[in-house]
Amino acid sequence: MPDTPTPLLSDLLTRSGHEPRSRRAFLGQASLGLVIGGTALAGCSPGGGAGGDSARGAAGATAAGDAPQQPFNANSKLDTALHDPAAHGASSATPGATQGAQAAAYRRYDPALPPLSSERTLRLHWRAQEVPVRISRETVVAGWTFEGDIPGPIVHCRVGDTVEFTLTNEGAVPHSMDFHAAQIDPKVAFRSVARGQSVTFTFQPKWAGAFMYHCGTAPVLMHIGSGMYGALIVSPQEPLVAAKEFVLVQSEFYLGDAAGGVRPFDYNKMLSTLPDYLAFNGRPNQYVDEPIRVAVGDRVRFWVVSAGPTHPTHFHVVGEQFDTMYLGAPPGSPIRGVQTWSVPAGGGMCFELVCDIAGEFPFVNHGFGHGQKGAIGFLVVE
Ligand SMILES: [Cu+2]
């Protein structure tokens, strides 16, 4: 990485979304959001009784915790209407998410796909945590997280492996987990649990691919938009051809003004769908500052997930072409000779290229209104 960016990159990064936005324009969008948001926010009330239930699900889900609870479907308007919208503001500034911001250290998110376990059962016990997360040298956000980071941990398994998953909620508001790689009764497995409670479920991924996971507690926009998402990569039973494998989760950041050194996520801004920043793996421009490095001759496989909460990524590598992109579960339905392909919000795809030329190759969201806001990085071939 040279000290000064290439002319191309300096062009790409100029005016990279750091200007303050017009307050009047924002308020105009927010007025619409307030109407919609009033109902949608209902599920967020802290301790709002949205917790885990004792119902035994047919899909292998069980609830931990002793308090008697009613069955609760976080994604149901009917259920969320039971909760008081006035009890929660339209931001992620819960007590845990706003305390200790100074101690939040900046850390590059490692994009490397973790190796497969020799075990065929993955046992994951994660915590939903509301904590400050530093997404750049300047910016700390009031994160709602899985395991304290945005995105949450990268999970890697094979088709047919068993995932035994438990979520314990350490946050102030109800949370839940929705794995897109699971085929399971969502009303049972993906239900919300209150602070101190847990939900457990088990599933076996049937298809290879890059799958999003996220908190599904209503309003889902607020919970994904505040950081509760990540990637589960399912490799096929028969290994794909050897490659350097990386995971990129694109997401948007809609932030309010800083208080106590922390910028809360702003629900009404999320409804406006005009983000302040976008990022691959939770830090705008992080792989410009600290690129992904491979060797000449390497095959590189990018597993790309668009976490949204709203926008896709139009994935492209400047100066390269994907020799293979998989439209379905790898190795099925390969498409050859791809320059750019869109990964929809809530979706994931697999892109491969052979790095037979040395150089610095920007990988970008080629929808440049979003690329310039931070969804950009360098693949350095040495
Ligand atoms: Cu949540």
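The following exercises, each with a worked solution, concern a predicted model.

Residues are numbered from 1 along each chain as its sequence is written, and side-chain values use heavy atoms, with hydrogens and water left out. Local features need pLDDT of at least 70 and side-chain atom pairs count only at pLDDT 80 or more, whereas totals for chains, interfaces and linings use all residues.

**Exercise 1. The copper site**

Determine which atoms coordinate the copper ion and how they are arranged.

*Solution.*
1. Donors are N, O and S atoms within 2.8 Å of the metal (3.2 Å for Na, K and Ca); water is not among the atoms, so sites may look incomplete.
2. The donors here are ND1 of His175, SG of Cys215, ND1 of His223 and SD of Met228, at 2.0 to 2.6 Å.
3. Four donors count as tetrahedral if all angles lie between 85 and 135 degrees; four count as square planar and six as octahedral if opposite donors are over 155 degrees apart and all others between 65 and 115; anything else is irregular. The four donor atoms subtend angles of 83 to 135°, so the arrangement is irregular.
4. His175 lies in the loop between β5 (162-169) and β6 (178-179), and His223 in helix α6 (residues 220-225), so the pair ties together parts 48 residues apart in sequence. Helices (H or I, at least four residues) and strands (E, at least two) are DSSP runs, numbered from the N terminus.
5. Buried means under 20% relative accessible area, exposed over 50%, and partly exposed in between (1.4 Å probe, protein chains only). His175 counts as buried at 0% relative accessibility, and His223 is likewise buried at 0%.

**Exercise 2. The surroundings of strand β20**

Establish which strands pair with β20 and why β20 is largely enclosed.

*Solution.*
1. Two strands pair if DSSP finds at least two bridges between them.
2. Strand β12 (residues 292-294) pairs with β20 in the parallel sense over three bridges; Ile292 has Leu379 as its bridge partner.
3. Strand β19 (residues 359-365) pairs with β20 in the antiparallel sense over six bridges; Val364 has Ile376 as its bridge partner.
4. On one side of β20, Ile376, Phe378 and Val380 are buried, as are Gly377, Leu379 and Val381 on the other. Because six of the six residues of β20 (residues 376-381) are buried, the strand is largely enclosed by the rest of the structure.

**Exercise 3. Two positive phi angles**

Decide whether Asn285 and Ser333 are buried or partly exposed.

*Solution.*
1. Neither residue is a glycine, yet phi is positive: about 65° for Asn285 and about 45° for Ser333.
2. Asn285, in the loop between β11 (277-280) and α8 (286-289), is buried, with a relative accessible area of 11%.
3. Ser333, in the loop between β15 and β16, is partly exposed at 41% relative accessibility.
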